[in-house]
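Could you walk me through this model in my viewer, one selection at a time? I would like to know what to pick next and what sits there.

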Amino acid sequence: MHRSFCEPERLLAAMRLSLLHGGAFLESRLAPRGPIMRERNLSYIHKACWGLHAAGWDSAVIARLLDWARKEALQPNGDFYFPDEPPEYKDMQRVYRPLTFLRVAAWMGHPLVSEPVVIDRIMQYQHPVSGGVFHWIGEDPDRPAYPPTIGVLNTTFFGQLMIALGRWEPAIAAGNWVVRWIQANAEHMPRGLIYTQMTPEGQLVTEVSRSDRIGKLVDTHNYKQEFWQVGTAIAFLAALYHALRSRCGQSHTQAQIFLDSALKLLEFESTMPLETYLWPSKCKVGWGAGELLRVLVRYQLADEPTVILTYRIAERVAIFTFMDAQLADGGWPCMHYPLAADIPEIAFNYRPVKGLLYVPDRRIAESKTIFLPREEITGEFLGEMRAIELGVAEWLAAGRKPESVAR
């Protein structure tokens, strides 16, 4: 990755405008004008909380969303969902969605994170031996039903929530799971491959069919994949390193394994072609690069080429994944998230041309996709772009070398 596309000062100014416009879009989508807090589906609010917080919106607005989730979607067992939601929301994303909005609640000191039934239930999703986190464990808190595999997404989002709550033992356990996952992929990464799932016993799942490769494998040449697998891990590892140093009094040596592991994933990401940044699922790579850039600069932990590489990855996401795809109203397009690699919906293109987009704006019946509404995509992109903004701002404040990114 040899080229930069934008000076950091200009990128920073552009991102701040983008955040402002995106926050205004989300506010315009609140009930009764829009589907946020009107549709009985948590996907309209879980990332919107994150995005509004990232855009600097009034905490009272965000508290309305959290209060709504508490009143309308909190179940007796401590889970959040609506019984009439389709299974791709209610079950496949059972813990993922509350992990997102509970982290915002923790930042705000909202009473939702003080309810024992909520936190006790969240803690049940972490496997007691491996430290990984399941996506769904059944309905009965007294008899959790563990699925056969554990993935990066829920483990890292759980770890981020634990950092926000100051629960260091489960956060470190989740971090150690991610480190072992990276170590298990060490022989595959030089060939441009990362397998994304492990068994609870720690075995990497490497048997992947053509259809399910999109959920179990990331490579360095296919255009449309779950690129976020790498990004969410970098973001969590960088955040964990920073939290252990700044809030737990650990030394660099004590927390180094998490930073070193993030840098291994950064090296893998640096081999990705530019066209991969045109797919929406690159989003969390920007989050990871932004978090890592801030850590590298704050603790003076890397040489200039590594810092610049981190910036360039963050910059590509900010420009090509985020701002180039933002629509005139401040929001981003919806997405029909593919659950298989060999379905016709994989051909959809989410990049507007002159504001035009040819993608269905609602859920497709009998489709092997998850419909992600505009409000969800916008909230996520804003949250992740905020991480890039903070990273670039920290680099500039530290006095980056003039013209360093242009070489």
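## Stop one: charged pairs

Start by selecting R94 and D91: they form a salt bridge, with the closest N and O atoms 3.0 Å apart. Keep in mind as you go that this is a predicted model. R94 is buried, at a relative accessible area of 0%.

Now add E139, which also forms a salt bridge with R94, the closest N and O atoms being 2.9 Å apart. This pair links distant parts of the chain, 45 residues apart: E139 is in the loop between α6 (116-124) and β1 (150-151), while R94 is in the loop between α4 (87-90) and α5 (96-108). E139 is partly exposed, at 37% relative accessibility.

For another setting, go to R362 and D361, whose side chains meet in a salt bridge of 3.2 Å, N to O. Here R362 is exposed at 58% relative accessibility, and D361 is exposed too, with a relative accessible area of 54%. Then select D79, K90, D91, R94, R121 and E139 together: salt bridges that share partners join them into one network. The structure holds 25 salt bridges.

## Stop two: the nonpolar core

Which residues touch the most other members of the largest nonpolar core? Select I45, F101 and W181, which do so in a core of 135 residues. Helix α10 (residues 228-246) supplies the largest share of this core, 13 residues.

Stay on W181 and show its contacts. Leaving out residues up to four places away in sequence, W181 touches V152, I194, Y195, T196, Q197, M198, L204, Q229, A233 and L265.

## Stop three: aromatic rings

There are 14 aromatic pairs in the structure. Select F157 and W287, an edge-to-face pair at 5.4 Å centre to centre with 70° between the planes. F157 lies in helix α7 (residues 152-165) and W287 in helix α12 (residues 283-298), so the pair ties together parts 130 residues apart in sequence. F157 is buried at 0% relative accessibility, and W287 is buried at 2%.

Next, pick W332 and F381, an edge-to-face pair at 5.5 Å centre to centre and 75° between the planes. W332 sits in the loop between α13 (304-322) and β5 (335-338) and F381 in helix α14 (residues 374-397), so this pair ties together parts 49 residues apart in sequence. Both W332 and F381 are buried.

Add W50 and Y96 to F157 and W287 to see one aromatic cluster.

## Last stop: charges over rings

Finish with K282, which lies over the face of F227, 4.1 Å from the ring centre. Then select R316, whose charged end sits over the ring of Y277, 6.0 Å from its centre.

Definitions and conventions
Residues numbered from 1 in each chain as written. Predicted model: local features only at pLDDT ≥ 70, side-chain atom pairs only at ≥ 80, totals over all residues. Heavy atoms only, no water. Salt bridge = Lys/Arg side-chain N within 4 Å of Asp/Glu carboxyl O. Buried < 20%, exposed > 50% of the residue type's maximum accessible area, 1.4 Å probe, protein only. Helix = DSSP H or I, 4+ residues; strand = E, 2+ residues; numbered from the N terminus. Core = buried A, V, L, I, M, F, W, Y, C linked by side-chain atoms within 4.5 Å. Contact = heavy atoms within 4.5 Å. Phe/Tyr/Trp six-rings, centres within 6.5 Å; stacked < 30°, edge-to-face > 60°. Lys NZ or Arg CZ within 6 Å of the ring centre and 35° of its normal.
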